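Please open the structure in a viewer and keep the selection tool at hand. The tour below proceeds from one selection to the next.

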Amino acid sequence: MIQLRPYQAEALQAWKRAGERGVIVLPTGTGKTFIGLAAMKEELERGGSVAVLVPTIVLAEQWRQKIWEVLHVRAALYCTTEKALGRVTVFVVNSAYLHSELLKPFTLIILDEAHHLGAPRWKEIIKSVNGKKILGLTATPENAPLPVVYKMLIAHARASGAVADLEVIPCFVGLTREEWVAYSEIERKIMEAARALRYAEASGSAREVAELERVLKILTAKRRQLMSEVIAKRHAVLEIAAKHPGERILVFCESIRGAEAIKEVLMKAGIRAATYHSKMPKHVRSTVLALWGRAFNVLVAVRSLDEGIDVPEVRVGVIVASGMTVRQLTQRMGRLIRPQPGKRALLYVVLARGTYETSILARIRRIAYGNYN
């Protein structure tokens, strides 16, 4: 039997009142999966069948394991490496898109990480199952083409005790002369591209708009990578890690080179650390997560742990560099605030003075303490 927390039961009821079609928004760590499992259980008891759609194979495996652990139902997996169908089937979205006709027999479709629904492939899938029961689950309501039927953001969840309390701690550092030169040049290019994009949007040139959006995306990624590799930030992470001996610490980075440099500084100081990023083979990443908290305490992750992967219990996080999206910042906070009695999570935000990063701090505080929609 699935025992839902009051807000989980309230969310499920809101979805039912909306005609069993819509998106539930809850912070990471508040048990969105259990709401999906409760809906699945009820559908199976009515004689129905359920398809779960997820963006990655890793998340598909996690769902299949949870379905067995909670419902004792063996779910089939349909993806690039395995093509099985059953009364409960977990699909990786790319495979579901290529074979959307396979979704037609299912009576309930569960969409996990539903903020990805804004992507064209997800929209096509929604069209292909028009009229069916659809339950979307996400921590951020951006881009969802289905109505949001229930929403509890981080600030609300903190106030109600649904997640652990969170303290945001800024740590300011300076740039070297060389870093300032590189940063200023990227900022100049970003401002020029943004100005050109505004003109292109006003003139209605779709092709030029698309190209300038691509250029801006590349430039902002380069800026995040540069900020990940700021020398003073490595030593700031070292100081933070020294304050929390023996605790798991999750460091969020945007550059593999920057992550490796942080790890090197920590290791030289006698603090055991490891990196985690998408360039590592899957089995190596799994081993790293398994050893975290035993063989080492500080894990420096390059975006790969932002969402879609269950991580061990952790209450101390460090943002070395980040994008500006509410989605990414919300997902990163969510890694720290899984509820536990008496838990107080700490999120250190390492910022370069005089740069765009000061606006990241303001946004983080608004998400954590305000009413960010």
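**A parallel pair of strands**

Begin by selecting strand 12 (residues 316-319) and strand 13 (residues 344-352), which run parallel and are joined by 4 bridges. Strands (E, at least two residues) and helices (H or I, at least four residues) are DSSP runs, numbered from the N terminus. Within this pair, G317 has L347 of strand 13 as its bridge partner.

The model is predicted: local features need pLDDT of at least 70, side-chain atom pairs count only at pLDDT 80 or more, and totals for chains, interfaces and linings use all residues. Residues are numbered from 1 along each chain as its sequence is written, and side-chain values use heavy atoms, with hydrogens and water left out.

**The whole sheet**

Next, extend the selection to the open sheet, in which 6 strands follow the order 8-13-12-9-11-10 with parallel pairing. Two strands pair if DSSP finds at least two bridges between them. Strand 8 (165-173) and strand 10 (273-276) are at the edges with a single partner strand each, so one side of each has no neighbour in the sheet. On average, neighbouring strands are turned by 20° against each other, direction ignored.

**Helices on the sheet**

Now add helix 9 (residues 231-243), which packs on the sheet and touches strand 8, strand 9 (249-253), strand 11 (298-302), strand 12 and strand 13. Contact means heavy atoms within 4.5 Å. The direction of helix 9 makes about 160° with that of strand 13; angles run from 0 to 180 degrees between N-to-C directions, and axes are lines fitted to C-alpha atoms, for helices over the stretch in contact.

Then select helix 13 (residues 357-369), which lies across strand 8, strand 12 and strand 13 and runs at about 170° to strand 8.

**Two helix pairs**

Select helix 7 (residues 177-203) and helix 8 (residues 206-228), whose axes are 9 Å apart and which pack at an angle of about 160°. Helix 7 and helix 8 are therefore roughly antiparallel (angles over 145 degrees; under 35 is roughly parallel, 65 to 115 roughly perpendicular, and the rest oblique).

Finally, select helix 2 (residues 32-45) and helix 3 (residues 57-71), whose axes come within 11 Å and cross at roughly 60°. That makes helix 2 oblique to helix 3. To see the contact, display T33, F34, G36, L37, M40 and K41 of helix 2 with W63, K66, I67, V70 and L71 of helix 3.
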